[in-house]
Amino acid sequence: QVQLVESGGGLVHAGGSLRLSCVASGLTFSSSAMNWFRQAPGKEREFVASISWRGSNTYYSDSVKGRFTISRDNAKNTVYLQMNSLKPEDTAVYYCAGDTTFTSSPRYWGQGTQVTVSS
């Protein structure tokens, strides 16, 4: 059974930073593409960032490019999202998702972690 467990969310002032973590179990993490998505209140879920299985390729949405960094530690089955220069519009539930390939609809999802950025 695949499990993805996110942590690291919280309340932060605009301009601040947070680092999200996602620990995976039940899948071959080192050969899985991993992703972060987010969903703000009243909005559809949107792509944030993704990383290839070796970490050599990363992709970001335009809204976070230059502020967020996705990384992974295959020895720890963990993917991270370092979020800097946070804005109130970054407020959302952040989800970790994974699959064996890059896809806009990964099969495996975590439960999400809330990030709230106050102005």
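**Disulfide, strands and nonpolar core**

Trainee: Cys-22 and Cys-96 form a disulfide; what distance separates their sulfur atoms?

Mentor: This is a predicted model, in which local features need pLDDT of at least 70 and side-chain atom pairs count only at pLDDT 80 or more, whereas totals for chains, interfaces and linings use all residues. Residues are numbered from 1 along each chain as its sequence is written, and side-chain values use heavy atoms, without hydrogens and water. A disulfide is a pair of cysteine sulfur atoms within 2.5 Å. For Cys-22 and Cys-96, the distance between the sulfur atoms is 2.1 Å.

Trainee: Which strands hold Cys-22 and Cys-96?

Mentor: Strands (E, at least two residues) are DSSP runs, numbered from the N terminus. The pair ties together parts 74 residues apart in sequence, because Cys-22 and Cys-96 lie, respectively, in β3 (residues 18-25) and β9 (residues 92-99).

Trainee: Is the link of Cys-22 and Cys-96 left-handed or right-handed?

Mentor: Both Cys-22 and Cys-96 are buried, that is, under 20% relative accessible area (1.4 Å probe, protein chains only). The angle about their S-S bond is -75 degrees, and the link is left-handed.

Trainee: Which side chains of strand β11 point to the buried face?

Mentor: In a regular strand the side chains alternate between the two faces of the sheet. In β11 (residues 113-118), Gln-114, Thr-116 and Ser-118 point to one face and are not buried. Those that point to the other face and are buried are Thr-113, Val-115 and Val-117.

Trainee: Which strand pairs with β11 in the parallel sense?

Mentor: Two strands pair if DSSP finds at least two bridges between them. β9 pairs with β11 over three bridges in the antiparallel sense, and Val-93 stands opposite Gln-114. Leu-11 stands opposite Thr-116 in β11. The parallel partner of β11, over four bridges, is β2.

Trainee: Which strand gives the most to the largest nonpolar core?

Mentor: A nonpolar core is a set of buried Ala, Val, Leu, Ile, Met, Phe, Trp, Tyr and Cys residues joined through side-chain atoms within 4.5 Å. Of the 26 residues in the largest one, those touching the most other members include Trp-36, Val-48 and Phe-68. Strands supplying at least two residues each include β4, β5 and β9. The strand giving the most, with four residues, is β3.

Trainee: Is Ser-32 buried or exposed?

Mentor: Ser-32 lies in the loop between β3 and β4. Beyond its neighbours within four places in sequence, Ser-32 is in contact (heavy atoms within 4.5 Å) with residues including Trp-53, Arg-72 and Asp-99. Its relative accessibility is 3%, so Ser-32 counts as buried.

Methods: Buried < 20%, exposed > 50% of the residue type's maximum accessible area, 1.4 Å probe, protein only.
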